[in-house]
Every structure is written in structure tokens, then in C-alpha cells.
Amino acid sequence: MIRSLAWAPAIAGLCGAGAAAAACGDALPAAARLQAEATGWQLAFAPRPAPLAVGRPFALDIVVCPPAGQPLPATLKVDAEMPAHRHGMNYRASVKPLGSGRWQAEGLMFHMPGRWRVLFDLDRPGQPPLRLASELDLP
Ligand SMILES: [Cu+2]
């Protein structure tokens, strides 16, 4: 009885996180999927090919999930930087909308191992622009 009580909060926490992750971008491959979130906006993305490798060009499959009742962004821009080194990528990604909140970014490449921050700039009709960011470690 004591053991089941002690485990209950941890299990509840895991279930909550799992439900939130599945809500946005659950069509993307789970093993490669990453998330970004700000002020109720959620974004899921997955690199292709995965996993990422230093010096190998890649694309990102992206799903944008606005808060309830808010329209999808008019445009989405994708960039990346290494915060510790204060530099960005050597290439500019091109992004095309696929409809229904799905986007595809192509032409990305991480030229160094280390921590990269992927930046998503959402241009929203009638609202200020919104930046979502997600960091990942490239071995
Ligand atoms: Cu660097």
C-alpha cells in the first residue's frame, strides 16, 4: 500500500507529459521528434534523415499547433544557432507550407558538434511575431 501511494504522483506526471506530446505532431516519427513551446503555442519537428550528423544536410518536418481558436501562422521561418559560440548555420533554410499546420524546411546543415538551438519564427496575422526555440546536442 505504501509503495503504490509513493508511485502514484510519478505515474500521473508521466501520463500528463505523454498526453501533451501526443497532442501536437504525433504523426512525426517518435524517435526523432522534438518539441518547442511558448505561450500556448506548440510546435513539433523531426529531422530527416535522422539522426542528425555533423556536416550532413537535412530537412525538418514541422507541425505547428496554435492554441485553441487561434489561426495558423501566415509564414514560418527556420534558422539555427550555436549559443555558446555565437554563430549560426552557414546555410539559410527554405521553408514551404504543406497545409493543415504542416511545414517543411530544407537546406539545413550543422557544421559543428555541440549544442544547437533551432529557431522557429512565426508570423501571425494580427499579432506580434512569435519565436519558438528548441535546443539539441549534436554528438
Ligand atoms: Cu560552433
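Helices (H or I, at least four residues) and strands (E, at least two) are DSSP runs, numbered from the N terminus. By that rule the protein has one helix and nine strands, in the order α-β-β-β-β-β-β-β-β-β from the N terminus on. The model is predicted: local features need pLDDT of at least 70, side-chain atom pairs count only at pLDDT 80 or more, and totals for chains, interfaces and linings use all residues. Residues are numbered from 1 along each chain as its sequence is written.

**Five-strand sheet**
- This open sheet has the order 1-2-3-7-6 with antiparallel pairing, where two strands pair if DSSP finds at least two bridges between them.
- Strand 1 (34–38) and strand 6 (94–99) are the edge strands, each pairing on one side only.
- Neighbouring strands of this sheet are turned by 25° against each other on average, direction ignored, with axes as lines fitted to C-alpha atoms.
- Strand 2 (residues 41–48) and strand 3 (residues 58–65) run antiparallel and are joined by seven bridges.
- Opposite Pro 47 stands Leu 60 in strand 3.

**Four-strand sheet**
- A second open sheet, also antiparallel in its pairing, has the order 5-4-8-9.
- Strand 5 (87–88) and strand 9 (130–138) each have a single partner strand, so one side of each is left without a neighbour in the sheet.
- Strand 8 (residues 114–123) runs antiparallel to strand 9, with nine bridges between them.
- Arg 117 has Glu 135 in strand 9 as its bridge partner.

**Burial**
- Of the 139 residues in the protein, 19% are buried, meaning that 20 or more other C-beta atoms, placed from the backbone, lie within 10 Å of a residue's own.

Terms used: Buried ≥ 20, exposed ≤ 12 C-beta atoms within 10 Å, placed from the backbone. Axes fitted to C-alpha atoms, helices over the stretch in contact; angles between N-to-C directions.
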